[in-house]
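User: I should like to learn how to read the packing of helices, the layout of a sheet and the pairing of aromatic rings. May we work through one case together?

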Amino acid sequence: VAIYAAFQDITSRKNREVLLKNQAVRDPLTSLFNRRYFEDEVTKRISSTRMSGGEFSVLMVDADHFKRVNDTYGHKTGDKVLIELAATCEQALRADDIVARYGGEEFCVVAPGVEKQDFARRLENFRSSVSSKPVQIGALSIAVSVSIGMAEQHAADLESLISAADGQLYTAKREGRDRFVWQT
């Protein structure tokens, strides 16, 4: 009778699986969730929220006059500004909020179970902290501001929510930028 045993270290394979999973759901520049993950996750949350009767809000956050940053300082500097904005956005929001890079210099956030007034104060603090603290890149000090639009979960589907939040974002931009506007 013979017993044969073989062992193989699969640590590197497991590490590679984790890396690939992250690459599938994360934006490579900002490390925020990507648009595809965001849309899938919010669609799931809409369904579960409808069943449980809970509430959530969707935000669109856009860097004001970002094209000027790229045109003046170059795209590499613009990328660094986006990375800083993404980090500031994540730090300002709650752990269970989902922050994603939605496209270009635009971020999207889903915030479950928010009390509107409290959350509005948090967003206003985030907005004012971005505009009051220039992004430092080496010797450069780049002033940045954001406009934010928020919509509540009155809409029946993700497309309607994004459209409502985007509408509020463009209201903020029309009213002078560097502001937060919510759906009333």
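User: Which residues in α2 meet which residues in α6?

Analyst: Please note beforehand that this is a predicted model. From α2, the residues F38, E39, V42, T43 and I46 meet L158, L161 and I162 of α6. By class, this contact of α2 with α6 comprises 6 nonpolar, 1 polar and 1 charged residues.

User: How is the geometry of α2 and α6 to be described?

Analyst: Two packed helices are characterised by the angle between their axes and by the distance between those axes. Here the axes of α2 and helix α6 (residues 158-174) lie 10 Å apart, and the packing angle is about 110°. Angles of 65 to 115 degrees count as roughly perpendicular, and α2 and α6 are therefore roughly perpendicular to each other.

User: At what angle do α4 and α5 cross, and with which handedness?

Analyst: Helix α4 (residues 75-92) and helix α5 (residues 116-132) have axes that come within 10 Å and cross at roughly 150°. This makes α4 roughly antiparallel to α5. Their crossing is right-handed. On the α4 side the contact is made by L85, T88, C89 and A92, and on the α5 side by R122, F126, S129 and V130. The contact of α4 with α5 holds 5 nonpolar, 2 polar and 1 charged residues.

User: What is the strand order of the open sheet, and which strands stand at its edges?

Analyst: The strands of a sheet pair through backbone hydrogen bonds, in either a parallel or an antiparallel manner. In this model, an open sheet of 5 strands follows the order β2-β3-β1-β6-β7, with mixed pairing. The edges are β2 (98-103) and β7 (180-182); each has a single partner strand, so one side of each is left without a neighbour in the sheet. On average, neighbouring strands are turned by 20° against each other, direction ignored. Strand β6 (residues 146-152) and β7 run parallel and are joined by 3 bridges, and I148 stands opposite F180 in β7. Helix α4 packs on this sheet, touching β1 (56-63), β2, β3 (106-112) and β6, and its direction makes about 10° with that of β3.

User: How many aromatic pairs does the structure hold?

Analyst: A pair of aromatic rings is described by the distance of the centres and the angle of the planes. The structure holds 3 aromatic pairs. In one of them, F38 and Y102, the ring centres are 6.2 Å apart and the planes stand at 80°, so the pair is edge-to-face. This pair links distant parts of the chain, with F38 in helix α2 (residues 35-52) and Y102 in strand β2, 64 residues apart.

Definitions and conventions: Residues numbered from 1 in each chain as written. Predicted model: local features only at pLDDT ≥ 70, side-chain atom pairs only at ≥ 80, totals over all residues. Heavy atoms only, no water. Axes fitted to C-alpha atoms, helices over the stretch in contact; angles between N-to-C directions. Helix = DSSP H or I, 4+ residues; strand = E, 2+ residues; numbered from the N terminus. Parallel < 35°, antiparallel > 145°, perpendicular 65-115°, else oblique. Left-handed = near helix turned anticlockwise from the far one by under 90°. Contact = heavy atoms within 4.5 Å. Nonpolar A, V, L, I, M, F, W, Y, C, P; charged D, E, K, R; others polar. Pairing = 2+ DSSP bridges. Phe/Tyr/Trp six-rings, centres within 6.5 Å; stacked < 30°, edge-to-face > 60°.
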